[in-house]
Amino acid sequence: MRVGMAEQGIPGAAVLIMDHGRVILSRGYGMADVATRRPVDPGQTLWPFASITKVVTATALMQLVERGGIALHNDVNRYLKVARVPAVPGPAVAAWHLLTHTDALDELPGRQAASPTAMEPLGKFLRTRLVRIGPPGQVTRYGSYGIALAGVLIEDVSGVPYAEYLRRELFVPLGMRHSTIDGPSGAHGTLATPYEGTKEGVRVARREWYHTTPTSSLVSTVEDMGRFMALHLGAGQRAGREAVLTPATIHDMAAQHATIHPAIPGWGYGWQQNDANGRHIVEHGGDIGGFASLMTLLPEERFGIVVVHHLEGSGLRFALKQAVLDRLYPDRRPPARPGPAAGDLGRYAGTYLANNYCRSCRGGAENAERFTVTVQADGSLDLWDRRWREIGPLLFTSENGRQRIGFMRDSAGTVVAVSAGAWRVLERASR
């Protein structure tokens with residue numbers, strides 16, 4: 001941590017590591033505020049955990065499923081009152097689509113609010129912004145509107161505002177005393193100050209607020225996040241855990257329910273799937289103005305790590321996660337061995353787009369990040385400046401045998417998408 005923070009100019013960070021229900025490390029590094037030199041305290045310093053909020057929202061929704069308020073495979077319009085998904089011919093959008101990012105709701109811009117006072121009520125904000133772009137349940141597209149709608153489901157089924165539901169049904173029973181949505185009033189003395197990097201060092205960044213609070217607005221400490229992590233690792237007081245979720249539901253959330261290719265990690269309910277070092281991993285990261293975070297769990301080993309630090313987009317959290325995994329759970333898998341290419345590799349070639357762009361927006365596809373898959377003379381594919389060799393139907397490995405990508409075909413047999421796991425999905429734009 002100290003080396004990475006120094007190299008990247010990160011002012012402050014906090015880390016908590018849990019093993020079989022026991023906190024084995026809870027530590028603050030550096031400063032929560034540079035001007036006052038206020039140190040990071042893992043039990044007191046508040047951080048925005050950005051998109052990790054999505055897992056908290058998924059947990060709350062699964063609690064209502066467990067209590068019989070919602071059925072995972074029913075049309076969500078059966079429960080919604082304030083905002084409704086437009087009805088179109090074909091399959092209806094269900095709660096499980098929202099939790100696996102297969103809802104096929106467009107990723108419209110405009111979620112960020114200018115200030116806390118400018119934030120609209122969640123249902124009102126979504127009422128005119130639920131745009132369907134295809135049938136649900138087919139392609140995973142990491143986005144915000146499905147999970148935001150899950151927040152409206154929580155409100156409409158429980159009759160309680162989203163933030164208050166989380167307080168009553170998750171934070172209080174789990175002992176997460178410092179956790180709120182968008183931060184408690186009067187808490188500025190414990191909030192970490194947001195920073196962005198400059199050539200000269202760091203400067204204070206503008207704090208961000210979002211209308212879509214269920215996707216982005218959790219504020220907490222790493223020790224509170226450790227209590228949430230303990231729930232999903234089956235640790236902590238049994239009575240308190242099972243008042244929130246039963247072990248069967250926790251296990252179901254961590255299982256894979258959607259993916260581009262069956263050999264590529266996809267999505268559980270709220271959780272991103274990963275198989276780094278040959279382990280079953282569920283995790284979620286978060287990025288928001290001034291901050292970056294990551295929560296990683298190994299459910300079978302009952303091991304977890306949560307890290308948060310300054311500087312949005314910084315990769316220190318991923319480097320730390322990998323270093324911890326390499327030390328405690330080294331990769332003992334033999335490298336994948338590619339065979340000769342089967343069939344015409346040209347069927348994979350073409351231009352692909354990062355698939356979280358707005359499709360109904362004018363010029364949406366033109367503004368999407370573009371990638372090219374090309375066939376090389378040595379019988380490999382080139383993507384992301386790497387060579388990939390075929391090891392199975394629609395499945396390729398990197399030259400070192402450690403990374404994989406998987407392609408998806410539509411009902412006509414045409415290759416339409418490729419994934420390196422979870423949110424790293426590209427959809428084909430042209431051949």
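This report describes selected helices, strands, residues and a pocket of a predicted model.

## Strand E1 and its partners

Strand E1 spans residues 12–19 and is mostly covered, with 7 of its 8 residues buried. On one pairing, 8 bridges join E1 to strand E2 (residues 22–33), and the two run antiparallel. Within this pairing, Met18 stands opposite Val23 in E2. E1 and E2 form a hairpin that leaves 2 residues between them, and His20 in the turn has a positive phi of about 50°.

E1 also pairs with strand E14, again in the antiparallel sense, over 7 bridges. Here the residue opposite Ala13 is His309 of E14. Strands of a sheet pair through backbone hydrogen bonds, either parallel or antiparallel.

## Helix H11 and its packing

Helix H11 covers residues 316–328, a run of 13 residues. From its first C-alpha to its last, H11 reaches 18 Å, close to the 18 Å expected at 1.5 Å a residue.

The buried residues of H11 are Leu316, Arg317, Leu320, Lys321, Val324 and Leu325. An α-helix has 3.6 residues a turn, so residues three or four places apart point the same way. The elements against which the buried residues of H11 pack are helix H1 (2–8) and the strands E1 (12–19), E11 (272–274), E12 (281–288), E13 (291–298) and E14 (303–310). E1 and E14, both among these elements, are themselves paired in the antiparallel sense.

## Leu233 and the second largest pocket

Leu233 is placed in the loop between helix H8 (222–232) and helix H9 (238–244). Its relative accessible area is 5%, so Leu233 counts as buried, the cut-off being under 20%. Leaving aside neighbours within four places in sequence, Leu233 is in contact with Met18, Leu297, Leu298, Pro299, Arg302, Phe303 and Gly304. Of these contacts, Met18 is the residue that stands opposite Val23 in E2. The C-alpha atoms of Leu233 and Leu108, which are 125 residues apart along the chain, are separated by 35 Å.

The second largest pocket has a volume of about 260 Å³. It is lined by 18 residues, of which His232, Leu233, Ile250, His251 and Pro299 are the closest to its centre. Pro299 is also one of the contacts of Leu233. H8 and helix H10 (247–254) each supply at least two residues of this lining, and H10 gives the most, with 4 residues. By character, the residues of the lining divide into 11 nonpolar, 4 polar and 3 charged.

## Strand E19 between two hairpins

Strand E19 (residues 395–398) is covered on both faces. Leu395 and Thr397 are buried on one side, and Phe396 and Ser398 are buried on the other. In a regular strand the side chains alternate between the two faces of the sheet.

With strand E18 (residues 386–392), E19 pairs in the antiparallel sense over 4 bridges, and Trp388 has Ser398 of E19 as its bridge partner. The hairpin of E18 and E19 has 2 residues between the strands, and in it Leu394 takes a positive phi near 65°. E19 is further joined by 3 bridges to strand E20 (residues 404–409), with the two running antiparallel. Thr397 stands opposite Arg404 in E20. This second hairpin has 5 residues between its strands, and Gly401 takes a positive phi near 75°.

## A sheet of three strands

An open sheet of 3 strands follows the order E4-E10-E6, with antiparallel pairing. Its edge strands are E4 (47–48) and E6 (180–181), each of which pairs on one side only.

Strand E10 (residues 218–220) is joined to E6 by 2 bridges, and the two run antiparallel. In this pairing, Thr180 has Val219 of E10 as its bridge partner.

## His97 in helix H3

His97 lies in helix H3, which comprises residues 95–100. His97 is buried because its relative accessible area is 6%, and the cut-off is under 20%. Not counting residues up to four places away in sequence, His97 touches Ala92, Thr102, Asp103, Pro136 and Gly137.

Key
Residues are numbered from 1 along each chain as its sequence is written. This is a predicted model: local features need pLDDT of at least 70, side-chain atom pairs count only at pLDDT 80 or more; totals for chains, interfaces and linings use all residues. Side-chain values use heavy atoms; hydrogens and water are left out. Buried means under 20% relative accessible area, exposed over 50%, partly exposed in between (1.4 Å probe, protein chains only). Contact means heavy atoms within 4.5 Å. Two strands pair if DSSP finds at least two bridges between them. On a 1 Å grid over the protein atoms alone, a cavity is a set of points where a 1.4 Å probe fits but cannot get out, and a pocket is an open set with protein on both sides within 12 Å along at least five of seven lines; lining residues have an atom within 4 Å of a point. Grid points are joined across faces, edges and corners, and a volume is the space filled by probe spheres set on the points. Ala, Val, Leu, Ile, Met, Phe, Trp, Tyr, Cys and Pro count as nonpolar, Asp, Glu, Lys and Arg as charged, and the others, Gly among them, as polar. The expected span of a helix is 1.5 Å times one less than its number of residues.
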